[in-house]
Amino acid sequence: MSTDASAVYADLPLTLSEAGTGRPVLVLHGGGGPATVAGLAHHLSRTAHTITPVHPGWDGTHRPAWLTGIDDLALAYLHTLRERRLSDVLVVGSSLGGWTAAEMALRDTGGVITGLVLIDAVGVRVDTEPITDFFALDARGVAEHSWHDPDRYHLDPADIPVEELARRQANMATMRVLAGDPYMHDPALLSRLGQIQVPALLLWGESDRVVTPAYGAVYADAFGDGRLEVIPKAGHLPQIEQPDATFALIDEYLRRTSSPSRQR
C-alpha cells in the first residue's frame, strides 16, 4: 500500500484474546465465529502464546468500509503481527480462517510466518470438488454437511434465543461481504500456493461435505511443503468433534517445526 499502514488500520480496533507464553500462534476462526476455535486456542495456550482475534464484523465488532475481502483481512493481520514485532509465527486457521492464513503467507514478504495449519479450509477452486453453497442450506442442511454426527449438533432455529439468532445472522451477513463473490475462494490462490515454502499441515474431517477431503488433498498438494491428515469421525470442525485427535496432530507439528532456540 502506498499510504501509511498505521493510518490505513487506525479505524480497525481488533478484538483480541491472548494467553500463554512461547512461540506466537495466531488462531483464526471460520464463519461460525470465535467460539469455534476457543477450545483449540485454550489447548495451544498451554505451550504457546496464542493470539485469537475476532474477525471484524463478527459478534458485533466493527468492520470498516474498506474491509471487503479476505485479502484485506489477511493484510490487516499481517500488519498486526509486524506492529507487535512478532517472529516465528504459526498461523492456525479453521475454514474461512484457513483461507485467510494462506493469503497471509503469500503476502508475508518479511518471513514473519514460519508455519501454517489449515483446518478444513476454504479459499481455492477445485473443479472436481465444488464448495457447498453454505448460504443456500437450511439449518438441517448445515448440520448434515458440517458434522460427522449431525443429530448431535443440529439446532432448530425455533429453539435458538432471539439474540443468538441475530448474532448468527449478522455473522453470515459479514461473511457474504468478505467471501460471497466469488463464492468462498480466490480464483488465483491455488496456482500461487507453490510460492509458500513454510511447512503447511492441512487437517481434514473425513465426513466434511462443505469441502471434502478430496478438495483438501488438492489444496495440500499445491503448497511447496504441504501435508494432509484426515481425521476420522469428524466433519468441518474436527477441533470440536474430535479435539483429542486434532490437538495431537497440531502438537506434533509444533514440536517438529519449533526452532531450537524456542525449545530451550
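This is a short walk through one protein model, from the overall fold down to a few single residues.

Okay, ground rules before anything else. What you're looking at is a predicted model, where local features need pLDDT of at least 70, side-chain atom pairs count only at pLDDT 80 or more, and totals for chains, interfaces and linings use all residues. Residues are numbered from 1 along each chain as its sequence is written, and side-chain values use heavy atoms, with hydrogens and water left out.

So, the big picture. There are 12 helices and seven strands in this protein. Those are DSSP runs, numbered from the N terminus: H or I with at least four residues for a helix, E with at least two for a strand. The radius of gyration is 17 Å, close to the 18 Å from the globule rule for 264 residues, so the protein is as compact as a globular protein of that length. For the record, that radius is taken over C-alpha atoms, and the rule is 2.2 Å times the number of residues to the power 0.38. If you prefer a box, the C-alpha trace spans about 50 × 40 × 35 Å along its principal axes.

How much of the chain is buried? Of the 264 residues, 52% are. Buried here means under 20% relative accessible area, exposed means over 50%, and partly exposed is in between, with a 1.4 Å probe and protein chains only. On contacts, meaning heavy atoms within 4.5 Å: taking those with a separation of 6 or more, 79% come from residues 24 or more positions apart. As for the surface, the protein exposes about 11800 Å², and carbon and sulfur atoms supply 52% of that. Areas are Shrake-Rupley with a 1.4 Å probe, and for residues only the protein chains shown count as cover.

Charges, quickly. We have 21 positive and 33 negative ones, and their mean positions are 6 Å apart. Lys and Arg count as positive, Asp and Glu as negative, while His and the chain ends are not counted. Each charge is placed at NZ of Lys, CZ of Arg, CG of Asp or CD of Glu.

Now the inside. In soluble globular proteins, nonpolar side chains tend to be buried together. A nonpolar core, for us, is a set of buried Ala, Val, Leu, Ile, Met, Phe, Trp, Tyr and Cys residues joined through side-chain atoms within 4.5 Å. Which residues have the most contacts inside the largest one? Met104, Leu116, Tyr219 and Phe223, in a core of 55 residues. Apart from that core lies another, of 19 residues, including Ala41, Ala48, Val92 and Leu203.

Stay on Met104 for a second. Beyond its neighbours within four places in sequence, Met104 touches Leu26, Leu28, Ala74, Tyr77, Leu78, Leu81, Val91 and Ile113. Leu78 from that list sits in helix α3, residues 70-83, and its relative accessible area is 0%, so buried. With the same sequence neighbours left out, Leu78 is in contact with Met104, Arg107, Asp108 and Ile113.

On to the backbone oddities. Most residues other than glycine have a negative phi, and most peptide bonds are trans. Here are some that go the other way. Ser95 has phi near 55°, and this residue is in the loop between β4 (89-94) and α4 (96-107). Buried or exposed, our Ser95? Buried, at 10% relative accessible area. Lys233 also has a positive phi, about 55°, and its loop runs between β7 (226-231) and α10 (238-241). Lys233 counts as exposed, at 53%. One of the residues touching Lys233 is Gln242, which is in the loop between α10 and α11 (243-257) and is partly exposed at 26%.

Then there's the cis peptide bond, from Asp181 to Pro182, with omega near -5°. Pro182 is in the loop between α7 and α8 (189-192). Arg176, in helix α7 (residues 162-179), contacts Asp181 and also Phe135, leaving aside neighbours within four places. Arg176 is partly exposed, at 48%.

Last stop, Thr128, in the loop between β5 (113-119) and α5 (139-146). Thr128 is exposed at 65%. Its C-alpha is 8.9 Å from that of Ala214, with their positions 86 residues apart along the chain. Okay, that's my tour.
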